[in-house]
Amino acid sequence: MHRPSSPAVWLGLGAGLLIAAGSYGAGATRNRGGVMREIGLGHLMSGHGRSLMDALLTAGMVALVFAWVWLGREMSRQRAGITEASRATWLWTAALALSAPILSRDVYSYLMQGAMRRDGFDPYTEGAAVNPGPFLYEVSHDWRNTTTPYGPLHLWIGQRVTSLVGDNVTAGLVAYKIISVAGFVAIIWAVPRIARLLGGNPALALWLGVANPVTLLHMVGGMHNEAVMVGLVSLGLYLCLRARFVPGIALIALAVSLKATAAIALPFVVWMAYNRRRTDARARNVATFVLVSTLSVAVTMAVLGAVTVFSGSSWGWVAEISGNSKVVNPLAGPTLAADVFTPFAQLFDEHFRYNAALSLARTMGSVLMLAGLALTWFLFRRNDREAVAGITCAYAVAFVANAVTFPWYYASLLTLVGTISTPVWVRRATVLLSVIVACAFTGSGNHRFYDTWFVAAALIAGWAAAEWVYPRTGSKTPSPARA
C-alpha cells in the first residue's frame, strides 16, 4: 500500500525555497554587480530590503531544521522510512540548488584562485591581491593576502571554470553550483549503499547525515568543495567495501588532491584490504599488511602525481596544508578551551592574554590530534564496520583538535555516522549539535557563537529536538523503517 509522504518532507521543500529566495538579498551577496542589480532589485541587498530578505532566509533555515527534526521523529517511530528520507533529500537538495551562495564567501575565493592559475600566478606562494579583477572584489578581506591550502585538483577545477566563464562572476557561481550539486548527488547515491553493505539502516544514514541541515546548507547552499571531496570519498569507500580496492583508493586519493582532509580515510582502507586477506599464519599476515600498505601508498602517490602534473600545478600545496590560524570560533576544540580558560586565568592575573592561551591550546591540540588519530586507527581495525566507524571517529578527532574548524568540515563525519549501527546517545548528540550549528551562521557567513542569547536558545532548541526525536523512555527507541 502506498504511504503518503510525511508533511515534514514538504515543509522542508518550502523551507528550501524560502532560503533560495532570501539568499539573493541576504546571503553571501555580491559587492559589485550581480543578478539582483541587473534586474533592478538591488535595493533588496541593503537597508530595509536586506532585512526583509534576511527574514525570509532565517525563517527558511529554522523551518528546514524543524522539518529535519520532524522527519527524524517520524522515522524513529517507524512512520517514515527510506522512501521519505530519499524524497526529502532529493527535494531539499533541489530547492537549495536554486540559491545564491549562503553562509560563506569561500566560493568567490575558489573563483579567484582559479583565475590566478589561469593568469599565471601561483596561489601557493601568492595571495589573491596580486591579480586584481572582478573576482577579487568579491573575496573576503581576510583571504585577499593568504595562500590556498587546497590541492591541485581544486586549482585545476577553478582554472577550467574561469577559463570557460572568463571574468563573469555570475557564470562562475553557476558553474560551481553545478559542481557542488554533482558532488552532493554522489553522496546521496553512495551513503545508503554503504549503509546496506555494513548491515546498517540506509534510511537512517540518509536522514542523519545527508539530509542533515548542516550538510545541506553548507555543501549545496554554501557550495564548498567538501561536496566534491566527500562525494569522491563516499564513492571510494563504496568500491572498497565491494573489494574493488584499486579504483576505490584511487577515488579517495583524487579527493585528497582536492583537499588533504580526505587522507584520513586511507589508513582505514588498509585495514579493509588486509582483513580480506588475513589468515592464521602470523608471518604471512605481516607480509600481507606490508603489501597492502605499499599498494595503497603507490596508488595514492600515482594519483596525486598525475593530478599535479596534468593540472600544471606544483607540490606547494603540501606545505600549505596547515592552513590559516586567523579564524577564531569554538567549533575548534583549542579555541573553546582558550575561551573557557582565559576568564578563569584572568581572575588571578589580569594581564593574562587570550592569545597565550590560544597558542598553547593549539599546540596541545596538534599533539592530541596525532595521538588520537593513531589510537583510533589501531582500535578500529577488525572488520569493515569498525573501519568505517574508525574513519568517522578519526574525522571527529581531527576536527575537534584542529586549530581552525568550520561547520562544513563536519560533513565528512556526518555522512558516515548513520551508515553504522550507532548507539542512541550518538544519534541524540548528533541531532543536538546539528541543530545548534545549523542555526549558528548568518546568510553572509558571520557566526553567533559569542552571542549569549543565541547560545542559550540554541542549546535549549537542540536539547528539545534530541529529546523529541529520541525521547528518554524505559522502552527501547525503534530504529527508522528501512523501507
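**Entry 1: helix 14 and the surface patch.** I began with V297, which I located in helix 14, residues 282–310. I note that the model is a predicted one. V297 belongs to a nonpolar surface patch, which it forms with M301, W315, V318 and I321. Together these residues offer about 470 Å² of accessible area.

I then checked the length of helix 14. Its 29 residues should span 42 Å at 1.5 Å a residue, and the end C-alpha atoms are 42 Å apart, so the two values agree. I listed the buried residues of this helix, among them N285, T288, V292, S293 and S296. Further along helix 14, V299, T300, V303, L304, G305, V307 and T308 are also buried. The buried residues of helix 14 pack against helix 7 (152–165), helix 12, helix 13 and helix 15 (316–319). After helix 14 comes G312, for which I recorded a positive phi near 75°.

**Entry 2: helix 13.** I turned to helix 13, which comprises the 12 residues 266–277. From first to last C-alpha it reaches 17 Å, close to the expected 16 Å. How many of its residues are buried? I found 9 of the 12, and helix 13 is thus mostly covered. The buried residues are L266, F268, V269, V270, W271, M272, A273, Y274 and N275. I looked up their packing partners and found helix 11 (226–241), helix 12 (245–256), helix 14, helix 17 (354–379) and helix 18 (384–401).

**Entry 3: aromatic pairs.** I obtained a count of 21 aromatic pairs. I examined W271 and W377 in detail: their ring centres are 4.7 Å apart and their planes meet at 25°, so I entered the pair as stacked. A stacked pair requires planes under 30 degrees apart. Because W271 lies in helix 13 and W377 in helix 17, the pair ties together parts that are 106 residues apart in sequence. Is each tryptophan buried or partly exposed? W271 has 8% relative accessibility and therefore counts as buried. W377, at 26%, counts as partly exposed.

I next took F399 and Y409, an aromatic pair that is tilted, with 5.9 Å from centre to centre and 50° between the planes. F399 lies in helix 18 and Y409 in the loop between helix 18 and helix 19 (411–417), so this pair ties together parts 10 residues apart in sequence. Both F399 and Y409 are buried.

I closed by tracing the ring pairs around these two residues. They link F399 and Y409 with Y395, F406, W408 and Y410 into a cluster.

Note on methods. Residues are numbered from 1 along each chain as its sequence is written. This is a predicted model: local features need pLDDT of at least 70, side-chain atom pairs count only at pLDDT 80 or more; totals for chains, interfaces and linings use all residues. Side-chain values use heavy atoms; hydrogens and water are left out. Patches are made of residues with over 30% relative accessible area and no salt bridge: like charges are joined within 9 Å, nonpolar side chains (Val, Leu, Ile, Met, Phe, Trp, Tyr) within 5 Å. Accessible areas come from the Shrake-Rupley method with a 1.4 Å probe; for residues, only the protein chains shown count as cover. A salt bridge is a side-chain nitrogen of Lys or Arg within 4 Å of a carboxyl oxygen of Asp or Glu. Helices (H or I, at least four residues) and strands (E, at least two) are DSSP runs, numbered from the N terminus. The expected span of a helix is 1.5 Å times one less than its number of residues. Buried means under 20% relative accessible area, exposed over 50%, partly exposed in between (1.4 Å probe, protein chains only). Contact means heavy atoms within 4.5 Å. Rings of Phe, Tyr and Trp (its six-membered ring) pair if their centres lie within 6.5 Å; planes under 30 degrees apart count as stacked, over 60 as edge-to-face and the rest as tilted.
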